[in-house]
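Grab your viewer and work through a few exercises on this two-chain model. Each one sets a task and then walks through a solution.

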Amino acid sequence: MRVLTSLGTLCACFAISASAFAEMTPIDLQIAARALSFMERPLSGAIRVGILYAPDNPRSVREAEALRDLLGAGVKAGKLELQPSLVGIREAAAAKVDLFFLAGFVGPAEANAAGISALKVPCVTTDIAQVEGGACLMGVRSSPKVQIMINRAAAKNSGITFATVFRVMITEI
Amino acid sequence: MRSPGTIYEQTMKKTLMWTLVGAAFGSGAFAQTVDHAALEQLFGEPVTTNATGSPQRESEVPASMEIIDAEEIRRSGARDLPALLRHVTGIDVLQTSLDYADVGVRGYNQAFSPRLLVLVDNRQVYADYYGFTPWTSIPVELAEIRQIEIVRGPSSALFGFNAVGGVINIITYAPRDDIPNSAAATIGTQGLTQLSAMTGWKIGETAGVRIAVGRQESDDFSTPESAFDVGSRRGNHREALHIDGGVNIVDGVRADFEGTYSDAAHPERGPLYLTDFLTYETHSVQARVAAETGLGLIEGVIYSNDIHAEVFPDVQVSPFLAFDNEVTVAQLESVSKIGRSHTLRLSFERRHNSMQTTPIEGADVFYDVTSFGGMWEWKITDALTLTNALRSDDLRLGRSGSVPPGYSLQNSDWDRSIAETSFNSGVVWRLTDADVLRFMVGRGAQLPSLFNLGGVLIPVPPSFYVSGSPALGATIVTNYEVSWSRALASLGATLRVSAFRGKTVGIVATVGGSNIAAGLAGLPVNVGDSRESGIEVAIEGKFAGGWRWGASYSPLRIDDDFRPGYTVATTLTDFEHTTPRHTLDANVGWARGPWEVDAYLRYRSSFDGIENALGGTAGVLLPVSGYVSVDARLGYRVNDKVTLAVAGQGLTQAEQVQTAGTPAVERRVLATVQFAF
């Protein structure tokens, strides 16, 4: 079994390191919205989405703006209508939003310092490292196959729980 | 000794008690509790609970599974389930009349094949008194099916007795789904007229009801039949009703209810390899409650099936038989996630099954089964998952009621128990993003049917009885399998290669034993063992321009090892010679604009079929030549509401011999108009 575990770990590391971060696509958006419907107290209807970014990092700004443009004045995803606004990472605590999308190129220390999970607002990102680091609740990836990762500690801090049928089908760390 | 009445009363009280326990705690096997639509949209692939009892993506199940979705069902052109299943790799369909076919998984197909567990939304729908499946009596319309999940190999650790050859779980649209309201009318050869309709209503945001109805009339094949079978063609018909409703009681607690009815009649080949005219009337009721709790998802289910079947005698020697069979099942189970890597499923089931003896009435043969099961899934890494499932079944057999004069068995001979343990273990190893390896081993137990345990009691003057035997043992099936699947991105295809080896111990032959001194003849008996080994190579994919295609090759070898004296001539049982060594399947489909064209081809190499030799219990093997059959469908969508289709089965020949001892199968051509509203 030790051999199997080792080999499996190698494969897992390969899979994650191959594409640890990717810009959020429309498909990722749909996946995120559908995944959030498995919260035990799910969001519904028009949702204010705060797109968190690092104002000091031009790449992060560009990605946040691209995500905002993708959402436009509001886009339907699952049962949600996502209405975006840009929120600097250091302004997260003051943001009046129902959901955070964490853009790429935000430093791990900066993201953790923002204390997103303590805000009781779900956070979604395609930057898996931010989920592994505990800064963000949920990571989604649509390619090559749909993968969803939940940080259990972040979920606990946020007071967010998910349905059992969802939890048994995703990766929890 | 306890009196028969006392035993029966105690049995019913116990069943009721366990039933109430189950009902108080909640629901069943998660087939309708799991929101298949939402999970499929989320993960981009079908989701099933049929492999481990816990929801899983099709690509991650530790089982040899194939899922047929609603689109594939619609484009198959099939008007019934066997016609659809014949296109599936590893599925063997022996069509013995227009509306009856025996369906087997990986060989071991025989008349009244008892090795297949068939479920609709996890409720068993096979005829439990013998373990076979009269497909037309299943109260489900093709249009209400979301997906059909087919497991090849034993799954007894999840489903209990009889899931030894494979499992077919038909998942219908849940009442909470956006029901695709539809109606269809079909006319065809063999005088076929068929009507089917389905509609649903959502009641607010939390409740819904769905109703499906179907009716059909037809003649049977007109090809020549055996002298023993003349008189079995009396006109086929089927009526079915399926009502399903559900409501979210409060957040996290859901209740569902179901009621069904079916009435069907047609000729079919029975276990003596004689064709009779049979009628079926079935009813079922089911209640299910599921709750999301701090311990995970807990579900309780209670359902009751009853089936009344009558066998009408032809000019042959068969007597008039009437089967009354009632099954009550209470299930309680939970699925929970432990830590970050472990999923645990615990289950309890209590089952009562009884049938009235026939043709001599006045007694019941029954059993109660108490079952405990567990499944542990360990996600060792993102790429490696180990699943183990274990189940114990404890059966208590009994008989109550009168004993006819001269019958050498007493009710006390049925006071015995059968205890069996089943397991399934599987490793799923995702080598790369494209490659998945699976290693699987399973052990399942096939219970002797009530028919063979004494439900049939036929007087043979002056002093004999053809009887079942309460001494029969269970049949044990073990299976070892390794499979590799690879996504071929450049072809837009998926390749699957499986190799398996299995052993069956204690095969039951319905006839072949006797105890002349005790005045018993035609006794069922455990005749011996059998081994099988096979390979399945299957590839399917899609091309740009609306093309889809698939092909598979399935060599299979079976070696019987029956005890001396138990040959097909004495037991009507043989698997070694009656299983084709080679099966090839291919399909191609194209859709563009309003047009859809699909074709399916199957080749089966030559084999021997069993024919009843003298109208009694003696059999002979007759060669059946290899054959190619082709099914096809042409569809045209007139507008968003109306679709026209022409479909056919067995198109290459006007009539084709596909079995021994039954009429040749005729070409069937159907024309359908379908309305969506």
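**Exercise 1. Place Ala265(B) in its chain and decide whether Ala265(B) is buried or exposed.**

Step 1: find the element. Ala265(B) sits in strand E14 (residues 253-269) of chain B; helices (H or I, at least four residues) and strands (E, at least two) are DSSP runs, numbered from the N terminus.

Step 2: count neighbours. Ala265(B) counts as buried because there are 22 C-beta neighbours inside 10 Å. The cut-offs: buried takes 20 or more other C-beta atoms within 10 Å of the residue's own, exposed 12 or fewer, and partly exposed is in between, with C-beta atoms placed from the backbone.

Step 3: list the contacts, meaning C-beta atoms, placed from the backbone, within 7 Å. Skipping residues up to four places away in sequence, Ala265(B) touches Asn236(B), His237(B), Leu278(B) and Thr279(B).

Step 4: check a long-range pair. Asp99(B) is 166 residues away along the chain, yet its C-alpha atom and that of Ala265(B) are separated by 8.6 Å.

A quick note on bookkeeping: residues are numbered from 1 along each chain as its sequence is written, and chains are lettered from A and ligands numbered from 1 in the order in which they are written. This is a predicted model, where local features need pLDDT of at least 70 and side-chain atom pairs count only at pLDDT 80 or more, while totals for chains, interfaces and linings use all residues.

**Exercise 2. Describe the side of chain A that touches chain B.**

Step 1: get the totals. On chain A 24 residues are in contact with 28 residues of chain B.

Step 2: assign the chain A side to elements. Those giving two or more residues are helix H1 (2-18), helix H2 (26-36), helix H7 (164-167) and strand E8 (171-172) of chain A. H1(A) gives the most, with seven residues.

Step 3: sort by class. You should get 13 nonpolar, six polar and five charged residues on this side of chain A. Here Ala, Val, Leu, Ile, Met, Phe, Trp, Tyr, Cys and Pro count as nonpolar, Asp, Glu, Lys and Arg as charged, and the others, Gly among them, as polar.

**Exercise 3. Work out how H2(A) packs against helix H2 (residues 36-43) of chain B.**

Step 1: fit the axes. They come within 9 Å and cross at roughly 150°; axes are lines fitted to C-alpha atoms, for helices over the stretch in contact, and angles run from 0 to 180 degrees between N-to-C directions.

Step 2: name the orientation. H2(A) and H2(B) are therefore roughly antiparallel to each other, a label for angles over 145 degrees (under 35 is roughly parallel, 65 to 115 roughly perpendicular, and the rest oblique).

Step 3: find the residues. H2(A) brings Ile31(A), Arg34(A) and Ala35(A), while H2(B) brings Ala38(B), Gln41(B) and Leu42(B). By class, this contact has four nonpolar, one polar and one charged residues.

Step 4: look at the rest of H2(A). Nine of its eleven residues are buried, so call H2(A) mostly covered. The buried residues of H2(A) pack against strand E2 (75-77), strand E3 (80-88), strand E5 (123-125), strand E6 (138-141) and strand E7 (147-150) of chain A, together with H2 of chain B.

**Exercise 4. Track down the backbone oddities.**

Step 1: recall the usual case. Most residues other than glycine have a negative phi, and most peptide bonds are trans.

Step 2: find cis bonds. The bond from Ser143(A) to Pro144(A) is cis, with omega near 5°, and Pro144(A) belongs to the loop between E6 and E7 of chain A. In chain B, Pro461(B) to Pro462(B) is cis too, with omega near 5°; Pro462(B) is in the loop between strand E24 (456-460) and strand E25 (464-467).

Step 3: find positive phi. Tyr108(B) has phi near 55° and lies in the loop between strand E5 (100-105) and strand E6 (116-120) of chain B. Leu572(B) also has phi near 55°, in the loop between helix H7 (568-571) and strand E30 (582-592) of chain B.

Step 4: check burial. Tyr108(B) is buried, with 25 other C-beta atoms within 10 Å, and Leu572(B) is buried with 26 C-beta neighbours inside 10 Å.

Key:
Two residues are in contact if their C-beta atoms, placed from the backbone, lie within 7 Å.
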